[in-house]
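Thanks for sharing this one with me. Here are a few notes to read alongside the model, as numbered points.

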Amino acid sequence: MKKRSSTYGIPFLALAFLLLLGTGAKAQVLNKPTAADNPNLAGNSAWTAACASASFNEYFVNFTWNPPLVASNNEFILELSDANGYFSNPVELARVSDKNTTFDFEFQFALPTEIRGENFKFRVRSTYPAKTSPASDAFSMYYIDYNSPLLISENGSGSIPAGGQISLCGGGSVTLKPHNIPNASSYLYNWYRSGTLLAEKSESITVSDPGMYYVELDYGSVCSGSANTLSNTIEITTGTSAGIAITGSSAIQICPGDSQMLQANITGMGYKYTWYKDNVVVSGPTVEGSSYTVNANTAGFEGSYAVEISGTGVCIEKSAAVTVTSAGDFEVTLQNAENIVLLPSQSKTLSVSSTASSPTYQWYKDGVAISGATNSSVVVNAIGEYYAEVTENGGPCSSAPKSSAITTIVSPDSFEFVVDFVGTYTSCENTDATLSLTTINAVSDNGAKTNVTADLQASFTYQWKWNGANISGETAKTITVSDQTKNGTYQLTGTIDAFNAVSNNLDLKLASNQSLVITSNGTVYCDGGDAIVLESSIDLSSETFTWKKDGAVVDSSSTSLTVGQPGVYQLVITSNDCPIISNQVTITPFDASLLVLDKSSDLVIIEGETGTITASGADSYEWYDAGNNLISTDNYYGFQTEGQYLLVASFGTCTVSKVITVSYRDMFAIPNVITANGDGINDLWVLPNTYSRDPNVLVTIFNERGEQVFSQAGYENNWPQSTTTFNKQSMIFYYKITRGGKSLKQGTITVIK
């Protein structure tokens, strides 16, 4: 049991009561926000779903909270969850700073334009003290940015079928899609077949079953209907196949420069034709489109072509595909690097390959044909730009010659290396890194650079350097470093013949793979409680380090940190120019609301009876009377005498004190009639305990002429003091009860003799 040498007494209890008010002994409570009616609209009630638009976007949320008062610089912030009701990234809707003494008020807000969902929630956050209310109920909330009827057609072509009807052949299908809404893919949709809601939510739907199809934007269970986006209806029916096909061969070759007309086998009768290439519409639907011309001069003309027929009396039907390819086409591929270095006394072999069936070759240097160079390869010993021209001499088509890519041969004045990190590297985050040669440039005497990596990377000898010194054994074009003590500047050098190459510098800073953990002997802070101390898993005596609270440095010299206030704490050690960052330890302020009383701390009892208050939430309890006497250590106490008491509840090393005020309940009202006849019954004017025997309460009585006949502080229920003063059978008197000059009660007294 804790010893206390000081005396509380009544003055102390009054002081403690004031202190408790100042420090929040009565915990502040933020209640969950609720939807409220709009005061700017007549006759409305609280909203149940938000269907906002450009023409209306004004909503109100009611919020209540309980004292004690917040700080003068506090702000209340209304926040909105995501569509699933989570607050991992809340959206701020409103913020007020003038409601710090208003316990019941409304937030006004507008719905953000990107909001769409069924389970949005609100919460309110205060900044000082930092508290967050419970989340509200879930609401359906949508910003309706498109509110016109949709128009649907086949594949969104914009051509609505005559009579709103499409007939499908057995096993066929058709894709319906809106064609009049911008950013169509950003919405969800409600598709219907003959009044039944379908599962499909995307902007298009492929259907084969007969029925009446239409769509609306999915603005949720409440807002969809009010958005007025319901589309036209397209009826899908089934019919008989017309046997549509493309006449001729199913595989067609077209020579370069030629064209080929594809023809449907059914023409006339007012049918519409839609042509597809690789299942993508390239023409139609049009009545005149029974044929389609494929032009070999059009890039990418090769593919699979099909035609679809539709119209009155015929079901929608697509033909089998016809494959169109290019005839006489061939490719020329360079077999060597495009940039080659020619060192002194060297020669190089250039070569190409071709898919031509009967090719002939001619090599060129700087645009001039090389005499006798008519093979697929050529040996060169001079700088310049070389390419081969290939001609096809066989096959069904005559083709224009094709040239290979150009090979540039240079003679360097010097070489340079370019090195870089392989993969993702972030300074002081990676624990290992790979550095590699990426480019070899041949540098001419005028400074021009040619990338010759593919030609020469296998011909150089290499040496890596660290901080200017050679690294033993690192003679490849790639190096991997995984030791933080090897942080520094890296460079690659190389040699070929009489040339020496040097790379750019790379600064390497690897993070330590050492784990840094901080621990604490507690996580709840309270004034007067045991000290909370943070300690490190690493000996800090020889380290450079900083302790941080909420991201700001608070100490850089103490090997352990004594916490002075709540916050998020972290330790950072600097190792080889990189930080080692510890885990975070969150120290929270002690919450006095953990102490719960089952009755008000202002307890009113009937004199002679017992009123019991039970406390919960704490580890232990001590009850003291006004004389600082310990009267109980139970979690409850039964009060029989009015006065002030003190409850001290312990939560570990933290305590919460509650002042309990006990008063007697008045069992009767102030009497307005007495019978001063000396029979001992109702002879005296007796006041309730609230007003009698209190030295601070003054009772004054006046006769009917306004003359004072009695005045007493701490009234002892002793008027009238004599019956001889009453000279009439019935007399009227007036009374006034005051405390500190302030009137408490006043009225009349009828004295019957």
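How many bridges join strand 46 to strand 48, and do the two run parallel or antiparallel?

1. Strand 46 (residues 518-520) and strand 48 (residues 533-536) are joined by 3 bridges, and they run antiparallel. Please keep in mind here, and in the points below, that this is a predicted model. For a residue pair to look up, try Thr519, whose bridge partner in strand 48 is Glu535.

2. Strand 48 also pairs with strand 51 (residues 560-562): 3 bridges link them, again in an antiparallel arrangement. Glu535 turns up here too, with Ser560 as its bridge partner in strand 51. Glu535 is thus a handy place to start, as it is bridged to Thr519 and to Ser560.

3. Elsewhere, an open sheet is built from 3 strands in the order 28-30-33, with antiparallel pairing. Strand 28 (332-334) and strand 33 (377-380) are its edges, each pairing on one side only. From one strand to the next, the twist averages 20 degrees.

4. Within that sheet, strand 28 and strand 30 (residues 348-354) run antiparallel and are connected by 3 bridges. One pair to look at is Val332 with its bridge partner in strand 30, Ser354.

5. My last point concerns a loop residue. Ser427 lies between strand 37 (414-421) and strand 38 (433-443). Ser427 counts as partly exposed because its relative accessibility is 39%, and that class lies between the 20% and 50% cut-offs. Ser427 and Leu510 are 83 residues apart along the chain, yet their C-alpha atoms are separated by 6.5 Å.

Technical notes
Residues are numbered from 1 along each chain as its sequence is written. This is a predicted model: local features need pLDDT of at least 70, side-chain atom pairs count only at pLDDT 80 or more; totals for chains, interfaces and linings use all residues. Side-chain values use heavy atoms; hydrogens and water are left out. Two strands pair if DSSP finds at least two bridges between them. Helices (H or I, at least four residues) and strands (E, at least two) are DSSP runs, numbered from the N terminus. Axes are lines fitted to C-alpha atoms, for helices over the stretch in contact, and angles run from 0 to 180 degrees between N-to-C directions. Buried means under 20% relative accessible area, exposed over 50%, partly exposed in between (1.4 Å probe, protein chains only).
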